[in-house]
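Trainee: I would like to go through how the terms used for this structure are justified.
Mentor: Then ask about each term in turn.

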Amino acid sequence: MKIAVCIKQVPDTEARLRVRSDGLGVDEEDLPFVINESDGYALEEALMIAEKTGGDVVVFSLGSERVREALRKALALGATRAVHLDDVAFAGGDAMATARALAAAIDGEEFDLVLTGSQSDDAGYGSTGSIVAGHLGWPHAWLVMGVEVEDGESSARVTREMESGVNEVLRLALPAVIEVQAGINQPRYASLKGIMQAKRKEIAGKSASDLGLSENEVGAAGSRLETLAVFFPESGETAEIFEGDPAESARRLVEKLQKEARVL
Amino acid sequence: MANIWVVVQTRAEGIHPMALETLVAGQALAAELGGSASAVVLGDGVMDRSGELSSWELSAVHVIEHEALAAYTPGAYIGALSAAIGSEAPDYVLFPHTYQSVEYVPRLAYSVNGAMVPEATAFRVEEGAVIWRRPAYGGKLQADVRASGSPVLVSVQSGAYSASDRREGNAPVAALAVSTEIIADREILGVEEVAGEHVDLSAAERVVSAGRGVGGEDKMGVIHDLAAALGAVVGASRPVIDSGWLPRDCQIGSSGQTVSPELYVAAGISGAIQHLVGMKGSQVVVAINKDRSAPIFGVANYGIVGDLHEVIPALIEAIEEAKAG
Ligand SMILES: Cc1cc2nc3c(=O)[nH]c(=O)nc-3n(C[C@H](O)[C@H](O)[C@H](O)COP(=O)(O)OP(=O)(O)OC[C@H]3O[C@@H](n4cnc5c(N)ncnc54)[C@H](O)[C@@H]3O)c2cc1C
C-alpha cells in the first residue's frame, strides 16, 4: 500500500512559551520543536501497515526550512521519502488553507491511505485531516485507536474513540483519510542505521505554483480565520499558591489541608 | 439581521447536554447581533425528541428526518446539513464541541465554502464583527480570532455556557425537507468497551494523579508513595497512559474516567480541558507544577510551584509529621 502521512512540527509541550511582541503568536526563537504528538503515532501506524502489506510511506509537512528536521526524523524512522511544502506563501494559514495545500500535494500521486494526527499541540484546530478528506472526496474518521486493512485492501476496519471509555468500530472503503489519536501504538525510536540511511533519502520541495495553487489560495491570504491576539489566560484563579522552598511550601500546604480544607 | 443555527446533537438518552449549552450560546449571539436563533435536529424518528426544545426562545426548531440519519456518519450528516445550509443560508451555525462534531464539522465547512472556528469558549462583538476566543497550546494560551465570509461554523466548548441561562419562549417545531440524496460513507460494525476499564475510580475519596511532568515510568515512585501516604488511589493524564507508565484504567478525562473525590492532587499535569472535564467535580484540588502559568492553577484551590520530585518527598514528610503530631 502507498500511504501518505501528514506531520506538523510544533513547539515541545514542555517548552516555556513567550508571546511575541506583536501579540499575534509565540516567540519562536530558542523554542525546541518536535513532531506533533498524535502525528508521531500516525507515522508509526503507517510504517506498521506498510511493513505488513508491503509498500511505501511518504511524509508531507508544510512550513519553513526548520520542518526539514521533522521530515528527516520521519525518514530516519523508516519513511521512504518526504515532500516539504516550502513556500513563504504558505505561512500563517488556518486549517482550510493548510489542508488545501496538503491535499493538492497528495492528490498529485495515487495513495491508498492518508494518515494524519487528530489534533495539533499548538493551534489545536483538529480540522486539517478531515478537510484534506473533503478535498480528496474520500471517507474519513477522526480519533482513530485502531486500523486494520482488510483482505483485498479495499477497506479498513477502524476503531474510533468516543467519549467515556467506549470505542466505535466501523468499516471504511479505501482510499480514506484516517486521523490517529495518541496512544494507538508505541512509536519506535530511530536506529543509527535509520539515521544514516535518511541522509540519502529524498526531500522534495514544493511551492504553491508547483501544486497549481495561486498565492491567495494558501497561507494567510487563503485563510478564513485571522488571529487578532494571543495571550496568557487572565488569572481569575482561586488557588492559594506556595512558591520557594519545597519543605516550607509542603508544610504550609498540609496545614491548609488540615485546618482550612479539612481533608486530612 | 443575523440568522443563527444551532445543530443539536442527540444520543440514545436524549439531547446531548453540551448541545443545550450551545443553544444558550446561540441565543446570546442572536441577542448580541440582533437576529434570531433556531435549532436543527437531525435523525430518524427524532420529531418527538425535538418537542422538548419548543419551550426555548428560538425562532424555529427545524427537524431533518431521514432513514440514512438513523446513525451518525460524516457523509450523511454533511450531505443533509450542506443541503440545508445551501437553501436556508444561515450566517452562523453553532455545534457542541463533541467528538462527533470535531469529526465532521470542519469538512462540512469545506463543503459549504464556510469558515470554521473550532472550540470557541466566548465571543464578543466589535463594530459588527464577531471575535471568538479559543484555547491554543493545550490551554496554555488563549487566542482571539475573527472569521471572514459566510457561513461561519463554530464548535462551542463544554462549560463555556450554562444550560440554566436559557431564555424561554415558544418555538414552532417543523420538518425541514432536504433536496439531496443522503449517503452514509461508513459501515458501523459496533461499539466496544475499552479493554481494562474495570478499576472504578469514580467512588475514590482521594486521588493522586500523575501527568507527563513526572518524566518517566522509572520516576513514578513518588506518585505511588504520595498516594500511599494519603490513602489515595492513583490516576493519570492521558500521556502517562499512552506512554505505558500506568494501565488504561487510570486515565482521567474526557476519554477516560470521571472522578469526584474530596481531594485531588494533580502532579505534573498542565490542565488541558480534556483532563479537566474528568476531575472538575473534585472538592479540593491541589496542583503541583513547576510552571507558574500552567492552566491547572486556574482550577486548583491550592498550588505548589516547583519540581514535583522535590515537592512530593517534602509533602510526604509533612503529611507523616501531621499524622504523628
Ligand atoms: C480527543 C482528545 C481526548 C483526550 N482525552 C484526554 C483524557 O481523557 N485525559 C487527559 O488527561 N488528556 C486527554 N487528552 C489530552 C489532553 O489534550 C492533553 O494533551 C493532556 O491532558 C496533557 O497531559 P499532561 O498535563 O500530563 O501533559 P503536558 O500538557 O505535557 O503537561 C505537563 C506539565 O508538567 C509540568 N512539569 C514538567 N516537569 C515537571 C516537574 N519536574 N515538576 C512539576 N511539574 C512539571 C509542566 O510544566 C506541564 O505543565 C485528550 C486529547 C484529545 C485530542
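**Terms and the values behind them**

Mentor: Helix 3 of chain B and helix 4 of chain B are oblique to each other. This is a predicted model, in which local features need pLDDT of at least 70 and side-chain atom pairs count only at pLDDT 80 or more, while totals for chains, interfaces and linings use all residues. Residues are numbered from 1 along each chain as its sequence is written, chains are lettered from A and ligands numbered from 1 in the order in which they are written, and side-chain values use heavy atoms, with hydrogens and water left out.

Trainee: Why are helix 3 and helix 4 of chain B called oblique?
Mentor: The axes of helix 3 (residues 74-88) and helix 4 of chain B cross at roughly 45° and come within 10 Å. Angles under 35 degrees count as roughly parallel, over 145 as roughly antiparallel, 65 to 115 as roughly perpendicular and the rest as oblique. The pair is therefore oblique. Axes here are lines fitted to C-alpha atoms, for helices over the stretch in contact, and angles run from 0 to 180 degrees between N-to-C directions. Helices (H or I, at least four residues) and strands (E, at least two) are DSSP runs, numbered from the N terminus.

Trainee: What makes helix 5 and helix 8 of chain B roughly parallel?
Mentor: Helix 5 (residues 221-230) and helix 8 (residues 308-324) of chain B cross at roughly 20°, and their axes come within 10 Å. By that angle, helix 5 of chain B and helix 8 of chain B are therefore roughly parallel.

Trainee: Which term fits helix 4 of chain A against helix 4 of chain B?
Mentor: Helix 4 of chain A (residues 128-136) and helix 4 of chain B (residues 99-111) pack at about 45°, with axes 8 Å apart. That makes helix 4 of chain A oblique to helix 4 of chain B.

Trainee: What makes a polar contact between the ligand and B:N289?
Mentor: A polar side-chain atom of B:N289 lies 2.8 Å from an oxygen atom of the ligand. A polar contact is a pair of N or O atoms within 3.5 Å; within protein, one must be able to donate a hydrogen and the other to accept it, and residues adjacent in sequence count only if both atoms are side-chain atoms. For the side chain of B:Q251, the distance from an N or O atom to a ligand oxygen is 2.9 Å, and for B:Q274 it is 2.8 Å.

Trainee: Why is the site called shared between chains?
Mentor: Residues from chains A and B surround the ligand, so the site is shared. A residue is near a molecule or strand if one of its heavy atoms lies within 4 Å of it. Of the 31 residues around the ligand, those that come nearest are B:R212, B:S237, B:S255, B:S270 and B:N289.

Trainee: How do you know that the peptide bond between A:L174 and A:P175 is cis?
Mentor: Omega is about 5° for the cis bond joining A:L174 and A:P175. A:P175 lies in the loop between strand 9 (166-173) and strand 10 (176-180) of chain A. Another cis bond, with omega about -5°, joins B:S150 and B:P151.
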